[in-house]
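Q: Please take a close look at the salt bridges in this model. Which side chains pair up, and where do they sit?

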Amino acid sequence: MRLTRQPEVPRPRRGRFDVRRLPWEGLVLFAVAFALRALYTWLSQGPDAFASSDAASYDEIAWNLARGLGFKASGGTGLLYPTAFRPPVLPFVLSLVYRVVGHRFLSALWLQCAIGALLPVALVEFTRSTVGSSTARIAGWLAAVHPMLVFFSGYLLTEPLFALTMLLGLGASMAWVKTPRAGRALGAGLLWGLSALTRPNALALPFLVGAWAWVPLGLSVGGRERAKQLALLLLGTALAVGPWTLRNARELRAFVPVTTGGGHALFDANNPLIWDDPASRGGAMSVYGIEPYATRFRGLDEPHADALAGRMARDFMWERRAQWPGIAAAKLARFWRLRTEGGVLTKQWRRSGTPLDALVALLDPLTLWSIVVLPLAIGGVVVVLRGPKRLFLSLPLVVIVFFTLSAVVYWGALRMRMPIEPLVVLYAAVGADALWKRWRVRRSGLTVVEGRAA
């Protein structure tokens, strides 16, 4: 036997940059996702894009922060006042961009595209750590081309950033449940606090995660240690949200954990103008400038106006309690709709006269997506719930159900649904991967018996 010496592969010297160590797949995924979102943004809004509606509020606060004026708004009056009507994370992040490039609204949209392009990358890591590598790859590319995720990346709204922070919180929570450690519990809580500062309805999620970890899973630590780690989870959330709550107490002279918009949001969706109009039922509309409501809100500061709106909404809902089933059905139909937003309430979000008009007129992208992907997601849920890790992998489904029930209380819209779409994609990837593996097994001439090839 003759032995030959294999040529040595040169190793990179310590301290030198090695391109082979770059996460190329993640970089390509990010680049493709960003390109799609940037193209949509350019076509839908153009180089002369301007802020309107909710985007105008985020834009104004961010620019005031960038100029050193603080977290303040003018409400169209020209006089700045401290506000907590908007959650703070998006304006703070955008203010960093404005400090560098100046007050250019198009740069805010490029930031949104970048945040939206990070979502598929984050979903890959989340799926790889919870399900597996083959499913993770499918999930990442599905999220990269998802019409709804592309759409909302083109507007200055909280949804893309909220979806990203929520996914990070879920990943940290599931890593903590898999290997319970005090530091992991605290870190997961901090991420949930960051998510709540992006959108306040995330405040309920650490409690939901704690109940899920305690009841069906039981964690893998004893009673006292389990209680300690659950307390650390909630402590982390409080540590992240607490400074902002203290700021609100100082500036607004009221207890405002995150925003002064909860009562407003409830009344937007539960008022006579919405419930009594068949075309608007299940949606939302601001009524604060319409009589007789305008007079009741005139002169009130943010906390008191929000409290009044909440009371008016609850009183109205109680008076109309006989209509709850029909209204709930209308909200759910809007929430899980299979076509893009439009119609009486939301109108058209894009400028007219672009190639997007012909595309949507030919075939609604969300309809095509839903026909293909939603059945895969339902199949993925079945696969997960039948699998050995059904309890562990049920948390994303619990979050999806939570947001669906929240829509019944508030209103149904794609905007409310967008943050959970990465989780729907996760289950769709599970379903697609299961179908692919089953097809490969059958193609090889084997049969599948109870999930195994025989």
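A: Start with one pair: Arg320 and Asp276 meet through their side chains in a salt bridge, 2.9 Å from N to O. This pair links distant parts of the chain, 44 residues apart. Arg320 lies in the loop between α14 (302-319) and α15 (324-335). Asp276 lies in the loop between α12 (272-275) and α13 (293-297). Asp276 is partly exposed, at 44% relative accessible area.

Some terms need their cut-offs. A salt bridge here is a side-chain nitrogen of Lys or Arg within 4 Å of a carboxyl oxygen of Asp or Glu. Side chains of opposite charge can pair when their charged atoms come close. Buried means under 20% relative accessible area, exposed means over 50%, and partly exposed is in between, with a 1.4 Å probe and protein chains only. Helices (H or I, at least four residues) and strands (E, at least two) are DSSP runs, numbered from the N terminus.

A word on the source. This is a predicted model, where local features need pLDDT of at least 70, side-chain atom pairs count only at pLDDT 80 or more, and totals for chains, interfaces and linings use all residues. Residues are numbered from 1 along each chain as its sequence is written, and side-chain values use heavy atoms, leaving out hydrogens and water.

Now go to helix α4 (residues 105-130), which holds both Glu125 and Arg128. They form a salt bridge, with the closest N and O atoms 2.8 Å apart. Three residues separate them along the helix, about one turn. Glu125 is partly exposed, with a relative accessible area of 46%. Arg128 is partly exposed too, at 34%.

Next comes helix α20 (residues 421-443), home to Asp433 and Lys437. Their side chains meet in a salt bridge at 3.1 Å, N to O. Because the two are four residues apart in α20, about one helical turn separates them. The two ends of this bridge have their own labels. Asp433 counts as buried, at 6% relative accessibility. Lys437 counts as partly exposed, at 44%.

Salt bridges can also join into a network. Here Asp54, Arg86, Glu159, Arg199 and Arg415 are linked in this way.

How many salt bridges are there by this rule? The count comes to eleven. Among them are Arg320 with Asp276, Glu125 with Arg128, and Asp433 with Lys437.
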